[in-house]
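Thanks, everyone, for making the time. I would like to walk through one model this morning, going from strand pairing to side-chain contacts, and I will give the cut-offs as each term comes up.

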Amino acid sequence: MPHSAKMFGVPTYESFPAPPTGGRLIHTRNYEVRTYKMREDMFILRGVVIDEKPAGLYVADDPEVLWVHHMVVDLEISFPMFVIEKVSVTFHERPHTHCTDIEPDYQKLVGLSISRGFNNKVKELFGGPRGCTHIGALLAAMAPVAIQSGWSMRIGAPREADSTSGLSTAEQRKRAYAINLNTCHMWDENGQMVKEIEQGIPIEVPLWITKRFKKLGLDDSEWEKLRG
């Protein structure tokens with residue numbers, strides 16, 4: 001069972017394996033991404049990257065860890081379109097005075113879709129000397145979280161019956177999973193799961209929900225109620 005810890009004042013879980021025998025920790029990089037639902041049609045995606053040197057590594061007997069990088073990215077994203085409406089990039093800790101000069105350039109993200117083709121567009125706009133390596137890596141970590149958050153945005157939301165009027169059942173199903181199509185081997189457009197969805201076979205209840213339901217004594221049928 002993972003034990004509770006805290007990061008930025010919020011409870012988290014220790015998921016990293018124990019260090020290898022004889023190994024000495026010399027560097028830690030942390031990515032953390034959180035999503036905040038602001039309205040039914042908008043959420044804020046916040047990403048943080050931290051590079052940390054352990055206490056005493058660079059300065060003998062220093063009891064404090066050293067943060068080499070600490071950058072925060074906020075993306076205001078429309079839903080269900082997944083278009084970036086506002087951007088904030090802040091360098092709280094960096095190795096060079098002029099690292100912050102690149103912050104305004106990330107306003108070029110406004111208007112981009114964070115779903116299809118996002119990582120390629122980020123490389124095109126900010127790759128190499130056009131951007132910050134660490135912000136680029138953070139954005140790559142944030143993009144899949146935006147898609148995951150789409151499912152959570154729908155939890156408890158009213159069904160949009162009017163928006164699907166005139167669509168066939170097959171068309172409704174296809175629209176529901178379109179953003180996931182070809183994002184991984186499970187969502188291969190020619191794969192078994194997509195074929196089953198197109199045939200009207202319900203997607204299996206997520207394993208993490210099944211496990212939790214079992215602990216709580218709930219039946220998997222509760223999943224449909226939860227989805228709204």
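Let me begin with what I mean by pairing: two strands pair if DSSP finds at least two bridges between them, where strands (E, at least two residues) and helices (H or I, at least four) are DSSP runs numbered from the N terminus. Please keep in mind that this is a predicted model, in which local features need pLDDT of at least 70 and side-chain atom pairs count only at pLDDT 80 or more, while totals for chains, interfaces and linings use all residues. Residues are numbered from 1 along each chain as its sequence is written, and side-chain values use heavy atoms, with hydrogens and water left out.

I will start from strand β5, residues 66-78. On one side, β5 pairs with strand β4 (residues 42-53) in the antiparallel sense over twelve bridges, and on another it pairs with strand β6 (residues 84-93), again antiparallel, over eight bridges. Valine 73 is a convenient place to see both pairings, since glycine 47 stands opposite valine 73, and valine 73 in turn stands opposite valine 89 in β6. How many of the 13 residues of β5 are buried, taking buried as under 20% relative accessible area, exposed as over 50% and partly exposed as in between, with a 1.4 Å probe and protein chains only? Ten of them are, so β5 is largely enclosed by the rest of the structure.

β5 and β6 also form a hairpin with five residues between them, and in that turn phenylalanine 82 has a positive phi of about 60°. That brings me to the aromatic rings, where I count Phe, Tyr and Trp (its six-membered ring) as paired if the centres lie within 6.5 Å, calling planes under 30 degrees apart stacked, over 60 edge-to-face, and the rest tilted. A search of the whole structure finds three such pairs. In one of them, phenylalanine 43 and phenylalanine 82 meet edge-to-face, at 6.2 Å centre to centre with 70° between the planes. Because phenylalanine 43 lies in β4 and phenylalanine 82 in the loop between β5 and β6, this pair ties together parts that are 39 residues apart in sequence. Phenylalanine 43 is buried at 0% relative accessibility, and phenylalanine 82 is buried at 3%. Together with Phe79, these two rings form one aromatic cluster.

Next come the salt bridges, by which I mean a side-chain nitrogen of Lys or Arg within 4 Å of a carboxyl oxygen of Asp or Glu; the count comes to six. One of them joins aspartate 51 and arginine 29 at 2.6 Å, N to O, and since aspartate 51 lies in β4 and arginine 29 in strand β3 (residues 28-39), it ties together parts that are 22 residues apart in sequence. Here aspartate 51 is buried at 4%, whereas arginine 29 is partly exposed at 30%. Aspartate 74 forms another with arginine 46, the closest N and O atoms being 2.7 Å apart, and this one links β5 to β4 across 28 residues of sequence. Aspartate 74 is buried at 17%, while arginine 46 is partly exposed at 35%.

Finally, the cysteines: taking a disulfide as a pair of cysteine sulfur atoms within 2.5 Å, a search of the whole structure finds zero. Cysteine 132 has its nearest cysteine sulfur, that of cysteine 99, 6.8 Å away, and cysteine 132 counts as buried at 11%.
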